[in-house]
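Here is a friendly walk through one protein model and its ligand. Have the viewer open as you read, so that each residue can be found as it comes up.

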Amino acid sequence: MPETEKPLFGHPWIFIRGVPSLTFLPPEGPSEVAFAGRSNVGKSSLINALVGQKGLARTSNTPGRTQELNYFVPDGYSGEGGDLPPMAIVDMPGYGYAQAPKEQVDKWTKLVFDYLRGRATLKRVYVLIDSRHGIKKNDEDVLTLLDKAAVSYQLVLTKTDKIKAPAVPKLLAETAEKIRKRPAAYPAVLSTSSEKGDGLDDLRQAIAQTVGIANWK
Ligand code: GDP
């Protein structure tokens, strides 16, 4: 690999903090990308697969942390660049629990909307969609929230190993068509399988481009 190309995820990442309300947000620093999705969509698995660390996002899924924005940064990042990519990953709390009381949904919406509106360093939200289920009503609600907050987002299909291979391009096209008129949606949809590793490099590349670190791959 040439000197100018450095691995975006080829080093340890660590969990730095869970943010239950905006007062606990870390000061704005490097660019961040966030991951959102219905609970069980495969969000922890995808974050772990991206960085190649099995237990990273799991630590954030311990009870009590489920309603927090969880921050991950390269281990040892001091804010000064060097050999670590200047970026953070934010794992947003899952949504769409069948039995979630209204009060909890309102709390989720407030935390997320305040974060989306106020965070200048947030470059893009990756909204994960389970390949077997497609876009559901509560996904639509979240996309509407993102459009309202005017935060750029891109859809990422998960668990593509669970559907037949020829169905993937069809689903990608159908999903892209469904979001075509949404103002803040990035038009192209990505597909991934954390289990098989499919699509992970494309997602890594999309993230590198989004955070504007051209020499990190
Ligand atoms: P989260 O609630 O969105 O963080 O979802 P998890 O990452 O915990 O995954 C939920 C379930 O889906 C777990 O049983 C995972 O093993 C499974 N899962 C996640 N990603 C994949 C995938 O790419 N393929 C398959 N077959 N299963 C997956």
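The report below starts with the ligand site, moves to two loops and a strand, and ends with two contacts across the chain. Please keep in mind that this is a predicted model.

**Around the ligand**

Let us begin with the ligand. Its shell holds 14 residues, and those that come nearest are N40, K43, S44, S45 and D161. Sorted by class, the shell has one nonpolar residue, eight polar ones and five charged ones. Three contacts to oxygen atoms of the ligand can be set side by side:

| Residue | Protein atom | Distance to a ligand oxygen atom |
|---|---|---|
| G42 | polar backbone atom | 3.0 Å |
| S44 | polar side-chain atom | 2.5 Å |
| S45 | N or O atom in the side chain | 2.6 Å |

How much of the ligand does the protein bury? Taken alone, the ligand exposes 580 Å², and 73% of that is buried by the protein.

**Two loop residues with positive phi**

N40, one of the residues that come nearest to the ligand, also deserves a look for its backbone. Its phi is near 80°, a positive value in a residue that is not glycine. N40 sits in the loop that links β2 (31-37) and α1 (43-51). Is N40 buried or exposed when only the protein chains count as cover? N40 counts as exposed, because its relative accessibility is 67% and the cut-off is over 50%.

A150 offers a second case of positive phi in a residue other than glycine, with a value near 55°. This residue belongs to the loop between α3 (137-149) and β6 (153-158). A150 has a relative accessibility of 62% and therefore counts as exposed too.

**Strand β6**

Follow the chain past that loop and you reach β6 (153-158). Why is β6 described as largely enclosed by the rest of the structure? Six of its six residues are buried, so the description fits. The cover extends to both faces: Y153, L155 and L157 are buried on one side, and Q154, V156 and T158 are buried on the other.

Strand β5 (residues 122-130) runs parallel to β6 and is joined to it by six bridges. In one of these pairings, I129 has L157 of β6 as its bridge partner.

Q154 is worth a pause within β6. With a relative accessible area of 2%, Q154 is buried. A polar atom of the Q154 side chain lies 2.9 Å from the backbone oxygen of A188. Leaving aside residues up to four places away in sequence, Q154 touches R124, V125, Y126, V127, Y186, A188, L190 and A206.

**Contacts across the chain**

V211 is placed in the segment after α5 (200-210). It is a buried residue, since its relative accessible area is 9% and buried means under 20%. Which residues does V211 touch, not counting those up to four places away in sequence? They are S31, V33, M87 and K123. For V211 and S31, the C-alpha atoms are separated by 5.8 Å although the two residues are 180 residues apart along the chain.

Finally, turn to G18 in strand β1 (residues 13-19). G18 touches E68, L69 and N70, again not counting residues up to four places away in sequence. G18 and N70 are 52 residues apart in sequence, with 4.4 Å from C-alpha to C-alpha.

Notes
Residues numbered from 1 in each chain as written. Predicted model: local features only at pLDDT ≥ 70, side-chain atom pairs only at ≥ 80, totals over all residues. Heavy atoms only, no water. Helix = DSSP H or I, 4+ residues; strand = E, 2+ residues; numbered from the N terminus. Buried < 20%, exposed > 50% of the residue type's maximum accessible area, 1.4 Å probe, protein only. Contact = heavy atoms within 4.5 Å. Near = heavy atom within 4 Å. Polar contact = N/O pair within 3.5 Å; in protein donor to acceptor, adjacent residues only side chain to side chain. Areas by Shrake-Rupley, 256 points an atom, 1.4 Å probe, with all protein chains shown as cover. Nonpolar A, V, L, I, M, F, W, Y, C, P; charged D, E, K, R; others polar. Pairing = 2+ DSSP bridges.
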